[in-house]
Amino acid sequence: MTAPVTLERIGHSFGSLRALDDITLDIAAGEYITLLGPSGCGKTTLLSVLGGFLTPDAGRVLIGGEDMTRVPAVRRPTATTFQDYALFPHMTLRDNVAFGLRMAGVGRRDRRARADQKLDMVGLLAQADAHPHALSGGQRQRVALARALAVEPDVLLLDEPLGALDLKLRRAMQDELKAIQREVGTTFVHVTHDQEEALAIADRIVVMNAGRIEDAGAPARIYRQPASLFAAEFMGETNRFSGRGTGGRIETPFGAVDRPPPAEGPLTLCLRPEAVRPREAAAQGSLAIGPSRVRDAAFFGTHCRAHLTPDAAPDLLLVAHLPAVDPPAPGAVLDLAAETADLAAFAATG
Amino acid sequence: MTRTLLPLVYGSAAFVFIYLPVAALVLFSFQDGTLPVPPFEGPSLRWYADVLADDDLTAALLNSLGVALLSASVAVTLGFTAAYGLARHRLPGTALLRALLIAPLTVSYLIVGLGLLIVLQRIGIGLSLWTAGIGHVVINLPLCFAIIYASMGAQNVNAERAARDLGAREAQVVLLVTVPMLAPAILAAFFLSITLSWDEFIIAFLLTRFDVTLPVEIWSMLRSGLSPRLNAIGSLVFLVSVTAVILLELVVFRRRS
């Protein structure tokens, strides 16, 4: 089961702290959304509002077209997985997964069959009679997921589902989450502070900061052309430098780019390290950075990470992810270029 | 040599100091003579037979068991609901309420007993096992509250939220999630209340009249002098307390590991 979600001008304060400020967001049925942001940005508060654990001071929550703003969690078509999994330690995995069905009055035999089916989906049917304390973190997360999906919610809310797992397991689980979401078709709203996780898993990423939505869109667009400087910096490492908007063009220290600037006057420009490449590898029409002197370089496996000073802007220290060949020696001069499509420009503030 | 010997001697001395009175009590309950003093003659079970044949004593024993079970149940129930309310809801003056609930721990049993006695006589309620039970609830409630409140952690909060999220009504949340998760603390509070009520003398003495609890019965027998009968009763009382402690150990602490 699945349903669209609409948030209309949600606002909420904790004392003097503005936790959510005028949040408006449409989520399509069956979409995989991640709410991404640093801790304290309001993403978990927003999830609580969606789950019915918190009634916002202002705004409306619509799930499947119905106003759910004041409906408590118990009567919402949502299910939540909690950061600490919140499994019931005194129940077997099967009883944990069947709990929601038991509350809905499903008969013992039927709910056992349905719980087993969900446990099978997450690969834990063999341990159905075990208790949660016998499981590893990744397995507990799977049980929490099975328990939430067993009630066949329209919307599944995941609060930092992979936050407590080690990196390798996290990457494996995120593929699994995505596959499960495809299979059940439920709308997933997933809160995380890990931008790689968000990029890998989401149909659409919502970047939040200080209670507001900074940017919302497809992962590739958010990464390459973020809507705000905050989103640009939060999504990954970036080279930041000054430019100018004049006469409908963006002027950079390396020459002009023929693209309408976001504003006339001073601009802040951002360029991802991997958008900087050797000139011979760059496409036609890229922005020529020109000869640049290598300060240092290190081999990272997938790429070489180098700090370079371009002759065209000697005050600048560019970080570049160059193809993974032998790292260039310090002092070497490389001819660089950057894809203009990867150059993000924002009106300079302050 | 002295390094291993000294702690051994010290440890043995400490345990002898603690358990010698109990051991003497139990030993002379098997005395064949009429005085529980050395030399030991026996063993004999005649005093146990005597005790169990005594209707007043067996009645007092059953009274004590009833008061202990009932007052412990009430104290645990009230302690749990108070702890749940204060841990899960923001109330005005939470800290004050908490302090008021725990404060009776610092009041001596004599004062609690006297206070209750005055109040009961004022409002014209006759003394009985029920009033002694009320006294035991008064002294055990703060303990039950403190034990259960201390174990209501954040882990339980999310499990309760999860249960609500999955469609559980409030009563179901408490009965199916909160109580089972807190079972070790609740059982610990229950068994502790039972042993405290079982051994309690002053309040029971002040608040009972015709039907009395075992400690009060023993006290009235003591006035007619020493007898191995008392040792036999004391041993039985000790046996019940030990059983409660062993049950606590088996049911509560075994589950944790």
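**Two chains, two folds: a look at the predicted model**

Chain A carries eight helices and 20 strands. This is a predicted model, and everything below is read off its coordinates or, where said, taken from a UniProt record. Along the principal axes, the C-alpha atoms of chain A fit in a box of roughly 75 × 45 × 35 Å. Chain A has 350 residues, of which 43% count as buried. As for contacts in chain A with a separation of 6 or more, 65% of them link residues 24 or more positions apart.

UniProt, in an unreviewed entry, puts the feature "domain: ABC transporter" at residues 5-235 of chain A. That span mixes both kinds of secondary structure, with 37% helix and 26% strand. The C-alpha atoms at the two ends of residues 5-235 of chain A sit 25 Å apart.

Chain B is another story when it comes to secondary structure: it has 12 helices and zero strands. Read along the sequence, the pattern of chain B is simply α-α-α-α-α-α-α-α-α-α-α-α. The C-alpha trace of chain B spans about 70 × 65 × 30 Å along its principal axes. Of its 257 residues, 33% count as buried. Among contacts in chain B with a separation of 6 or more, 75% come from residues 24 or more positions apart.

The UniProt record for chain B, also an unreviewed entry, lists "domain: ABC transmembrane type-1" at residues 61-248. Over that stretch of chain B the model is 80% helix and 0% strand, and its end C-alpha atoms are 21 Å apart. The record also gives the feature "transmembrane region" at residues 7-30, 65-87, 99-123, 129-152, 173-198 and 232-253 of chain B. Two of these spans can be put next to the model. Residues 7-30 of chain B come out at 96% helix and 0% strand, with 33 Å between the end C-alpha atoms. For residues 99-123 of chain B the figures are 72% helix and 0% strand, and the end C-alpha atoms are 27 Å apart.

Now for where the chains meet. In all, 17 residues of chain A are in contact with 16 residues of chain B. On the chain A side, β6 (78-81) and α2 (93-103) each supply at least two of the residues that touch chain B. The largest share of that side, three residues, comes from α2(A). Sorted by class, the side of chain A that touches chain B has 12 nonpolar, four polar and one charged residues.

Back inside chain A, one helix pair is worth a closer look. The axes of helix α4 (residues 137-150) and helix α5 (residues 167-184) of chain A come within 11 Å and cross at roughly 15°. Angles under 35 degrees count as roughly parallel, so α4(A) and α5(A) are roughly parallel to each other. Their crossing is right-handed. On the α4(A) side the contact is made by Gly138(A), Gln141(A), Leu145(A) and Leu149(A), while α5(A) brings in Leu169(A), Met173(A), Ile180(A) and Val184(A). By class, that contact adds up to six nonpolar, two polar and no charged residues.

A few single residues of chain A round things off, starting with backbone angles. Glu160(A) is not a glycine, yet its phi is positive, near 40°. Glu160(A) sits in the loop between β7 (155-159) and α5 of chain A. With 20 other C-beta atoms within 10 Å, Glu160(A) is buried; the cut-off for that label is 20 or more. Arg9(A), also not a glycine, has a positive phi of about 45°. Rather than a loop, Arg9(A) lies in strand β1 (residues 5-14) of chain A. Arg9(A) has 13 other C-beta atoms within 10 Å and so is partly exposed, given that exposed residues have 12 or fewer.

Asp203(A) is in the loop between α6 (195-201) and β9 (204-209) of chain A. With 16 other C-beta atoms within 10 Å, Asp203(A) is partly exposed. Leaving aside residues up to four places away in sequence, Asp203(A) touches Glu31(A), Tyr32(A) and Ile33(A). From Asp203(A) to Gly236(A) is 33 residues in sequence and 18 Å in space, C-alpha to C-alpha.

How values were computed: Residues numbered from 1 in each chain as written. Chains lettered and ligands numbered in written order. Predicted model: local features only at pLDDT ≥ 70, side-chain atom pairs only at ≥ 80, totals over all residues. UniProt positions renumbered as here; feature names shortened; annotations may be inferred. Helix = DSSP H or I, 4+ residues; strand = E, 2+ residues; numbered from the N terminus. Contact = placed C-beta atoms within 7 Å. Axes fitted to C-alpha atoms, helices over the stretch in contact; angles between N-to-C directions. Parallel < 35°, antiparallel > 145°, perpendicular 65-115°, else oblique. Left-handed = near helix turned anticlockwise from the far one by under 90°. Nonpolar A, V, L, I, M, F, W, Y, C, P; charged D, E, K, R; others polar.
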